[in-house]
Amino acid sequence: MTQDIDTTDRALLNRLQDDLPLDRRPFAALGQELDLTEVEVLARISRLRDTGYLTRFGPFYDAAALGGAFCLCAMEVPEDRYETVTEQVNAHSEVAHNYARDHRLNMWFVMATESAEGIQATARRIEAETGLQVLLFPKEREFFIGFRVAA
Amino acid sequence: MTLDATDRRIVEVTQAGLPLVPAPFAAVAEVLGLTEPEVIDRIAAMKERGVIRRIGGAPNHYKLGMTANGMSVWDVDDGLVDQLGEKIGALPFVTHSYRRPRALPVWPYNLFAMVHGSTRDEVDAKRAEIAAILGDACRGSDILFSTKILKKTGLRLRRKEG
């Protein structure tokens, strides 16, 4: 599963979880840190992105700071309707991520909208379409240290 | 926190990713009819204001063999949850941690911590570490493993009409 990346790729994946220098040639600067050329850094990042080891590469915007609203939602979906409800929920462009989870509340998704009213409105629409309750879990406080996994 | 029209255009062209070329900010500038220093200055200002958290990559946990990803949830004393939440958020195996409202009676939990590991046993051991930190302030907990990704798109800023 992970044989197609080497130690240099792992070092790069770890380094990319920290901030990229805001430099005209940021990949050259990264290369100096990792003892790689600019060309090698770019080639490796491209490959990691193309093979799916990196889900994305670029600026990480704070959704709330962009003026939008953001909310974790959960539903209790009957097993025999799970597929249909998944399609109904996913059809909304406001639904960014959606995960099946092993709990009575078995569908968890994140909504992103332009405004707080948009969250409520989308939740009400999903409730009307599915006949199921949408529980809203907006973040009240974030204990944010960093998003980091050891590659 | 408001973005002006030029900031919004920078967000629109970079939210799917930064071009993988030697001078990515010059490439963004070219698309938008700006200069490279303007783009760098505006990105620096957005970082300063917290609009941009960082520029970098998001690794795919699943591809890295971390297939047991648990959302641990905790019912923590309201007077202690913020102080304890800071400690939980600082743990190296917790990638996101939030205080959220309860939804009684079905959902008594107010502290959420995402725990990543390669096996469920590993994640359970990490969950025990969190429980030890929370101690008596915690009245109950659960862990929800994801069994399937149903949808995953980046968060997108929608183009303003008109």
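**Salt bridges and aromatic pairs, step by step**

Student: What makes the meeting of the side chains of Arg99(B) and Glu140(A) a salt bridge?

Tutor: In this predicted model, the N to O distance between Arg99(B) and Glu140(A) is 3.0 Å. The rule asks for a side-chain nitrogen of Lys or Arg within 4 Å of a carboxyl oxygen of Asp or Glu, so the pair qualifies.

Student: How do you know that the pair joins two chains?

Tutor: Arg99(B) lies in strand E3 (residues 94-99) of chain B, while Glu140(A) lies in the loop between E5 and strand E6 (141-142) of chain A, so two chains are joined.

Student: Why is Glu140(A) called partly exposed?

Tutor: The relative accessible area of Glu140(A) is 44%. Buried would need under 20% and exposed over 50%, so Glu140(A) falls in between. Both Glu140(A) and Arg99(B) also belong to a network of salt bridges with Arg141(A), Asp82(B) and Glu86(B).

Student: What makes Asp7(B) and Arg42(B) a salt bridge?

Tutor: Their side chains meet at 2.9 Å, N to O, and the cut-off is 4 Å, so this pair counts.

Student: Which parts of the chain does the pair of Asp7(B) and Arg42(B) link?

Tutor: The pair links distant parts: Asp7(B) is in helix H1 (residues 5-14) of chain B and Arg42(B) is in helix H3 (residues 36-48) of chain B, 35 residues apart.

Student: Is Asp7(B) buried or exposed?

Tutor: Asp7(B) has 5% relative accessibility. The limit for buried is under 20%, so Asp7(B) is buried. Arg42(B), at 23%, is partly exposed.

Student: How many salt bridges does the rule find across the interface of chain A and chain B?

Tutor: Eight are found there, and the count over all chains comes to 25. One that joins the chains is formed by Glu36(B) and Arg24(A), at 2.5 Å, N to O.

Student: What is the area buried between chain A and chain B?

Tutor: The buried area is about 7,300 Å², and carbon and sulfur atoms give 61% of it. The contact takes 76 residues from chain A and 80 residues from chain B.

Student: How many aromatic pairs does a search of the whole structure find?

Tutor: The search finds eight aromatic pairs over all chains.

Student: Why is the pair of Phe27(A) and Phe57(A) called tilted?

Tutor: The ring centres are 5.8 Å apart and the planes stand at 40°. Centres within 6.5 Å make a pair, and an angle neither under 30 degrees nor over 60 is tilted, so the name follows. Phe27(A) is in helix H2 (residues 26-34) of chain A and Phe57(A) in strand E1 (residues 54-61) of chain A, 30 residues apart. Phe27(A) counts as buried at 0% relative accessibility, and Phe57(A) is buried with a relative accessible area of 0%.

Student: What makes the pair of Trp108(A) and Phe137(A) stacked?

Tutor: The planes are 20° apart, with 5.5 Å centre to centre. Stacked means under 30 degrees, so this pair meets the rule. Trp108(A) is in strand E4 (residues 107-113) of chain A and Phe137(A) in strand E5 (residues 135-137) of chain A. Both residues are buried, and they form one aromatic cluster with Trp107(B), Tyr109(B) and Phe112(B).

Student: How do you know that the charged end of Arg54(B) sits over the ring of Phe60(A)?

Tutor: The charged end of Arg54(B) is 4.3 Å from the ring centre of Phe60(A), and the distance limit is 6 Å, so that part of the rule is met. Lys63(B) likewise sits over the ring of Tyr53(A), 4.7 Å from its centre.

Methods: Residues numbered from 1 in each chain as written. Chains lettered and ligands numbered in written order. Predicted model: local features only at pLDDT ≥ 70, side-chain atom pairs only at ≥ 80, totals over all residues. Heavy atoms only, no water. Phe/Tyr/Trp six-rings, centres within 6.5 Å; stacked < 30°, edge-to-face > 60°. Helix = DSSP H or I, 4+ residues; strand = E, 2+ residues; numbered from the N terminus. Buried < 20%, exposed > 50% of the residue type's maximum accessible area, 1.4 Å probe, protein only. Lys NZ or Arg CZ within 6 Å of the ring centre and 35° of its normal. Contact = heavy atoms within 4.5 Å. Buried area = accessible area lost by both parts, 1.4 Å probe.
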